[in-house]
Structure formats: C-alpha cells, structure tokens
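Please open the model in a viewer and keep the sequence panel beside it. The tour proceeds by selections, each followed by a short account of what is found there.

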Amino acid sequence: MMEPPKIWRERRGKYLALGIECLDCKTKQFPVVDNCSTCNSNNLKEYKLAENGKILYFTTVTKTIDEMMVNAPYIIALIELSDGIKITGQIVDCNYEELEEGMDVRMIFRILAKDGSEGLIRYGYKFSPCR
Ligand SMILES: [Zn+2]
C-alpha cells in the first residue's frame with residue numbers, strides 16, 4: 001500500500017507536470033521517484049518538464065475507465081519532450097488524420113476527467129500540435 005505522501009507527490013507531478021532531476025548524475029526522470037534510476041542517489045530536485053516535444057507513436061482510444069469516457073474517443077500518444085523525458089498524453093485540437101510521427105506538440109492544461117457523481121473536475125496536461 002502506498003503511503004499518502006507518495007500518492008500526493010504523484011498527483012502533484014501529474015498536475016504540475018514536474019519531473020525529477022538527479023543532482024549527482026543529471027538524469028531526468030518522470031514520474032517523480034524517490035531514488036535516481038541510474039545511480040540510486042536521493043539527491044534529487046523537482047523541475048518543470050519541457051513543454052515542447054515530438055510524437056513518437058499515437059493511437060485512438062475508444063473504450064476506457066468510466067471517469068475518462070467523457071473524453072472518448074480520443075487520441076493518445078507517446079511523446080518525447082525536448083528534455084528527453086518520454087510521456088504519454090492525450091492529443092487535442094486536431095484530427096487523427098492530421099497527425100504524423102515526429103510532429104511537434106506542446107503541453108497544455110485541460111480538463112482530464114470528471115470524477116463520478118460528485119462532479120469533481122481534474123485538470124492535467126494534454127498535448128496540442130504546433131502549427
Ligand atoms: Zn543519478
């Protein structure tokens with residue numbers, strides 16, 4: 001079972017799009033971790049992920065968990081940010097036919113999901129093609 005601070009950090013990482021940089025070996029990582037995956041150091045600092053990246057792969061999602069169905073069908077992509085981090089995210093503001101691997105995208109903040117009957121709205125990052 002995850003202890004509350006870890007859950008909180010992961011949520012914060014998703015919401016603010018924060019990564020971790022190792023101050024010893026300079027490796028950048030996402031999602032936020034407790035120890036560097038390269039040198040195991042805990043001498044880490046948070047940094048704001050690069051907002052620009054390129055599409056590596058993309059596909060359409062038609063069925064998903066209930067709270068995400070508000071968005072379906074939607075396009076999801078694996079993106080390599082300009083800081084080297086690979087991240088998955090929804091692609092918005094375009095049609096599937098317009099997309100190509102290698103296309104430049106930028107991170108934007110949008111509604112991610114509406115949680116159940118309480119109508120709680122969660123915001124997070126998505127990606128929009130650079131035109
Ligand atoms: Zn390291």
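The stops below go from the whole chain to a sheet, and then to a nonpolar core.

**Whole chain, coloured by confidence**

Begin with the entire protein, which is a predicted model. The mean pLDDT is 86, and 85% of the residues score at least 70. Confidence is lowest in helix H1 (residues 4-16), where the mean is 58. It is highest in strand S4 (residues 52-61), at 96.

**Whole chain, as a cartoon**

Switch to a cartoon and follow the chain from the N terminus. There are one helix and eight strands, in the order α-β-β-β-β-β-β-β-β. Of the 131 residues, 15% count as buried. Among contacts with a separation of 6 or more, 45% join residues 24 or more positions apart.

**Strands S1, S2 and S3**

Next, select strand S1 (residues 18-22), together with strand S2 (28-29) and strand S3 (44-48). These three strands form an open sheet in the order S2-S1-S3, with antiparallel pairing. Why is one side of S2 and of S3 left without a neighbour in the sheet? Both stand at the edges and each has a single partner strand, so one side of each has no neighbour there.

Compare the two pairings of this sheet. S1 and S3 are joined in the antiparallel sense over five bridges, while two bridges join S1 to S2, also antiparallel. As a general point, the strands of a sheet pair through backbone hydrogen bonds, so displaying such bonds is a suitable way to view a pairing.

Now pick out individual positions. Glu 21 stands opposite Lys 45 in S3, and Ile 20 stands opposite Gln 29 in S2. In the hairpin of S1 and S2, five residues lie between the strands, and Lys 26 takes a positive phi near 70°.

**Gly 19**

Remain in strand S1 and select Gly 19. Is this residue buried or exposed? Gly 19 counts as buried because it has 23 C-beta neighbours inside 10 Å, and the cut-off for burial is 20 or more. The bridge partner of Gly 19 in S3 is Tyr 47. Leaving out residues up to four places away in sequence, Gly 19 touches Lys 28, Gln 29, Phe 30, Tyr 47, Leu 49 and Ile 85. For a distance check, choose the C-alpha atoms of Gly 19 and Lys 45: they are 8.4 Å apart in space, with the residues 26 apart in sequence.

**Gly 53**

Move to strand S4 and select Gly 53. Gly 53 also counts as buried, because 26 C-beta neighbours lie inside 10 Å. Residues up to four places away aside, its contacts are Ile 79, Glu 80, Leu 81, Ser 82 and Val 105. From Gly 53 to Gly 84 the C-alpha distance is 8.7 Å, across 31 residues of sequence.

**The largest nonpolar core**

For the last selection, show the side chains of Ala 17, Leu 49, Ile 55, Ile 75, Ala 77, Ile 79, Leu 81, Ile 91, Val 105, Met 107 and Phe 127. These eleven residues make up the largest nonpolar core. Strand S5 (74-81) and strand S7 (104-115) each supply at least two of its residues, and S5 gives the most, with four.

Finish by centring the view on Ile 79, a member of this core. Which residues are in contact with Ile 79, neighbours within four places in sequence aside? They are Gly 53, Lys 54, Ile 55, Leu 56, Ile 87, Gly 89, Val 105 and Phe 127.

Definitions and conventions. Residues numbered from 1 in each chain as written. Predicted model: local features only at pLDDT ≥ 70, side-chain atom pairs only at ≥ 80, totals over all residues. pLDDT = per-residue confidence, 0-100. Core = buried A, V, L, I, M, F, W, Y, C linked by C-beta atoms within 7 Å. Buried ≥ 20, exposed ≤ 12 C-beta atoms within 10 Å, placed from the backbone. Contact = placed C-beta atoms within 7 Å. Pairing = 2+ DSSP bridges.
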